[in-house]
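Please work through the exercises below with the sequence and the structure open beside you. Try each task on your own before you read its solution.

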Amino acid sequence: MNERIVVGAALFDEGRLLAARRSAPPELAGGWELPGGKVEPGERCEDALARELREELGVEVEILERVPGQWPLAKGYALRVWKARLRSGVPEPLQDHDELRWLAPDQIWSVEWLAADVPAVTAALEQP
Ligand code: 9L3
Ligand code: MG
């Protein structure tokens, strides 16, 4: 059976981390997340993450190292996170988000992250 994996990006630019506010589904709307989404059957996680950021934000990214750990989500899914940086484009909320924010280190906890993203963001910041 395929693992049910959701991939997220800790996308950094000039020391700031990109946070995206979900507009859907209703139970998650208003919560902030590391952008990303479900890995399709047969797809590599890193490829899925680059695809999701292209679809959701309209940017090309370079996927860097994986952030150690995995965090449980609803419906048996688990969240895995990679650090990433922008290759081209300016992120825009094209799909599933209604606001984006670049958070400086002292602003990281100024948004209401989704529950699973709290430990994921913590781990991403701990990673050298
Ligand atoms: N999810 C949680 N945190 C994240 C991401 C990218 C996704 N950083 C949750 C929200 C949805 C599920 O995973 O319940 C699938 O995400 P998507 O494909 O709707 O983005
Ligand atoms: Mg998504």
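The exercises that follow concern a predicted model, and each solution goes step by step.

**Exercise 1. The magnesium ion**

Task: Find which residues coordinate the magnesium ion (ligand 2), and work out which parts of the chain the pair ties together.

Solution: Begin at the ion itself, where the donors are the O of G36 and the OE of E56, at 1.9 to 2.1 Å. Next, place each of these residues in the chain: G36 belongs to strand 4 (residues 36-38), while E56 belongs to helix 1 (residues 45-57), so the pair ties together parts that are 20 residues apart in sequence. Finally, ask whether the two residues are buried or exposed, remembering that buried means under 20% relative accessible area. G36 has a relative accessibility of 8% and therefore counts as buried, and E56, with a relative accessible area of 2%, is buried as well.

**Exercise 2. A residue of helix 1**

Task: Describe the surroundings of L49, stating where L49 is found and which residues L49 touches.

Solution: The first step is to locate L49, which is found in helix 1. The second step is to look at its accessibility, and since the relative accessible area is 0%, L49 is buried. The third step is to list contacts while leaving out residues up to four places away in sequence, which gives V7, G8, A9, P35, G36, I63 and W82. As a last step, compare sequence with space: L49 and V39 are 10 residues apart in sequence, and their C-alpha atoms are 7.8 Å apart.

**Exercise 3. A lysine in a strand**

Task: Decide whether K83 is buried or exposed, and find how far K83 lies from Q127 in sequence and in space.

Solution: K83 lies in strand 6 (residues 78-88), and because its relative accessible area is 11%, K83 is buried. Along the chain, K83 and Q127 are separated by 44 residues, yet from C-alpha to C-alpha the distance is 9.3 Å. Q127 is also one of the residues that K83 touches beyond four places in sequence, and others among them include A10, F12, E62 and P128.

**Exercise 4. The nonpolar cores**

Task: Establish how many residues the largest nonpolar core has, and which element supplies its largest share.

Solution: The largest nonpolar core has 20 residues, and those with the most contacts inside it are L17, L34, W71, L79, V81 and W113. At least two residues of this core come from each of strand 1 (5-13), strand 2 (16-22), strand 5 (60-72), strand 6 and helix 2, and the largest share, 4 residues, is supplied by helix 2. Another core lies apart from this one and has 17 residues, including A9, L18, C45 and L57.

**Exercise 5. Backbone angles in the loops**

Task: Find what is notable about the backbone at E14, at K75, and between A24 and P25.

Solution: Start from the general rule that most residues other than glycine have a negative phi, and most peptide bonds are trans. E14 has a positive phi, near 50 degrees, lies in the loop between strand 1 and strand 2, and is exposed, with a relative accessible area of 74%. K75 likewise has a positive phi, about 60 degrees, lies in the loop between strand 5 and strand 6, and is exposed at 69%. A24 and P25 are joined by a cis peptide bond with omega about -15 degrees, and P25 is found in the loop between strand 2 and strand 3 (32-33).

Methods:
Residues numbered from 1 in each chain as written. Chains lettered and ligands numbered in written order. Predicted model: local features only at pLDDT ≥ 70, side-chain atom pairs only at ≥ 80, totals over all residues. Heavy atoms only, no water. Donors = N, O, S within 2.8 Å, 3.2 Å for Na, K, Ca; no water. Buried < 20%, exposed > 50% of the residue type's maximum accessible area, 1.4 Å probe, protein only. Contact = heavy atoms within 4.5 Å. Core = buried A, V, L, I, M, F, W, Y, C linked by side-chain atoms within 4.5 Å.
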